[in-house]
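Work through the exercises below with the structure open beside you. Try each task before reading its solution.

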Amino acid sequence: MTFYRFPAGLLAAALVAGPVQADKLDDIISSGTLRCAVVLDFPPMGSRDANNEPVGFDVDYCNDLAAALGVEAEIVETPFPDRIPALVSGRADIGVASTSDTLERAKTVGFSIPYFAFTNVVLTREDAGISDFDALEGRTVGSVAGTYEAIALEADVDEWGDGSFRPYQSQADVFLALSQGQIDATIVTSTVASSIIESGKFEGLTIAGEAPYDVDYVGLITLRNEYGLLNYLDLFVNQQVRTGRYAELYEKWVNDTAPDLVIEKVYR
Amino acid sequence: MFNYTFQWRQAFRALPEMLDGALVTLQIAVLSMLIGMTFAVILAVARNSASRWLRAPATAWVEVARNTPALFQIYMAHFGLGSFGIYLSPFAALLAGIAFNNAGYLSETFRGALRAIPDTQIRAGRSLGMGQAQAFRLIVMPQMLRISFLPTMNQTVWAILMTSLGVTVGMNTDLAGVTQDLNARSFRTFEFFALAAVIYYVIAKAVMLASRLAAWRMFRY
């Protein structure tokens, strides 16, 4: 009996060991589904249409990636602060969620090369008397907790030592607070600002110039140790630009000419 | 399954910041209990009163406070009042929301305690020449607070834990707010949240132990 059991055990070990060595990229391909964490209250990157279906730049981007991988795309709605838990707990495979590639965050998650670039503007109410970024000193301002612009704005408010900063949990709450007069201004990406003004959901909102922050490059994210997948994502972003799909999607959702994703005088 | 390497050093470096947040959390909890208890006594008396005009609003308060989520009450204090042009800061909105909730729950606790005190005690006090209010304040209320002491401390623990809902109205100085902020900057979600959970646990446990000790010393017959 022992004679037979030994090779059977080996065979079982080999079968079990096989999948263990497969990486995330293998898992996605073999499961047939790519699960993307997308923020759906951040138009035009992600939102819901009249039929409550997810739409937006990030949604299209996820669909393109799934098509390239030959699998089905599944959109996992994820608020900004929950992007990392979604990845780590395995609810999503990657994040297509406008994630700014800061060095601090790169200690925790893996970033692809930038797939989008934001500029930030001051969004305020017409009656708030704010004409540019410098006028924010001493005022009550707010932004979405955990975003690039929120972190930059909070640092500025701390430095001014005057006025206050409020982080809200969603973009919708920020607009609500702004329109009610709870806060006087917010810093948001120019795409979101024009999208919300165009929608006419909140009256009296206006853009008061650009915020003096660096261009906010955002990458696709996945677990830091998934080099196979990260490598694929880099190439995918590159291909999206090369084939003109990036410009096409930008035109479709932002209605403008796509900004370059190249940083001059340095590699990557 | 859980593909993540914990980095505790980074979390521990932020510990002083989180402990400052814990102080704000305690401050809100204590203030909300003081305000809540004051209103709870008024509500309990109003609900026992013969007048319908006193009973109805008190009942409405208690019904809403006990049967809607605290999250909703805090959100309403900030965004609900905001739509009427009444602006409460995140701190004030959180305090108001929790105090409102505390008052609702405590008034029922107090009402139960009042039931346990025989009516004859008020009459006895009156026969000694005390006024109605005086008899209530000097004879009934101390007993009521004594009977409801442990449930009240229970509510205090509940109030401490409820402060974490402040993040929904832009609160960033309490323990949950500070934690969320640290999380956003570094994406070290699990370390910071675990640390925050331990701090909440220790605070809640300390309050419970202190109240047991106090009850044991104060209520020996």
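The exercises that follow concern a predicted model.

**Exercise 1. The contact between the chains**

Task: Find how many residues of chain A are in contact with chain B, and describe the side of chain A that touches chain B.

Solution:
- Step 1. Count the residues: 22 of chain A are in contact with 22 of chain B.
- Step 2. Locate the elements of chain A: α4 (83–88), α5 (103–106), β9 (164–168) and α7 (171–180) each give at least two residues to the side that touches chain B.
- Step 3. Sort that side of chain A by class: eleven residues are nonpolar, eight are polar and three are charged.

**Exercise 2. Two helices of chain B**

Task: Decide how helix α2 (residues 15–48) and helix α9 (residues 175–186) of chain B are oriented to each other.

Solution:
- Step 1. Take the geometry: the two helices of chain B pack at an angle of about 150°, and their axes are 7 Å apart.
- Step 2. Apply the cut-off: angles over 145 degrees count as roughly antiparallel. Therefore α2(B) and α9(B) are roughly antiparallel to each other.
- Step 3. List the residues that meet: α2(B) brings Glu17(B), Met18(B), Gly21(B), Ala22(B) and Thr25(B), while α9(B) brings Leu175(B), Gly177(B), Val178(B) and Thr179(B).
- Step 4. Sort the residues of this contact: four are nonpolar, four are polar and one is charged.

**Exercise 3. An annotated span**

Task: State which feature UniProt places at residues 22–211 of chain B, and give the helix content of the span.

Solution:
- Step 1. Read the record: an unreviewed UniProt entry places "domain: ABC transmembrane type-1" there.
- Step 2. Describe residues 22–211 of chain B: the span is 82% helix and 0% strand, and its end C-alpha atoms lie 19 Å apart.

**Exercise 4. The domains of chain A**

Task: Give the domains of chain A and describe how they touch.

Solution:
- Step 1. Set the bounds: domain 1 covers 22–118 + 216–254, and domain 2 covers 120–210.
- Step 2. Take the distance: the centres of these two domains of chain A, over C-alpha atoms, are separated by 26 Å.
- Step 3. Count the contact: eleven residues of domain 1 are in contact with 15 residues of domain 2.
- Step 4. Sort the domain 1 side: eight residues are nonpolar, one is polar and two are charged.

**Exercise 5. One residue**

Task: Is Thr33(A) buried, exposed or partly exposed?

Solution:
- Step 1. Place the residue: Thr33(A) is in strand β1 (residues 33–38) of chain A.
- Step 2. Count its surroundings: 15 other C-beta atoms lie within 10 Å, so Thr33(A) is partly exposed.
- Step 3. Leaving out residues up to four places away in sequence, Thr33(A) touches Val71(A), Glu72(A) and Glu74(A).

Note on methods:
Residues are numbered from 1 along each chain as its sequence is written. Chains are lettered from A and ligands numbered from 1 in the order in which they are written. This is a predicted model: local features need pLDDT of at least 70, side-chain atom pairs count only at pLDDT 80 or more; totals for chains, interfaces and linings use all residues. Two residues are in contact if their C-beta atoms, placed from the backbone, lie within 7 Å. Helices (H or I, at least four residues) and strands (E, at least two) are DSSP runs, numbered from the N terminus. Ala, Val, Leu, Ile, Met, Phe, Trp, Tyr, Cys and Pro count as nonpolar, Asp, Glu, Lys and Arg as charged, and the others, Gly among them, as polar. UniProt positions are given in the numbering used here, feature names are shortened, and annotations may be inferred rather than shown by experiment. Axes are lines fitted to C-alpha atoms, for helices over the stretch in contact, and angles run from 0 to 180 degrees between N-to-C directions. Angles under 35 degrees count as roughly parallel, over 145 as roughly antiparallel, 65 to 115 as roughly perpendicular and the rest as oblique. Domain bounds come from an automatic or database domain assignment.
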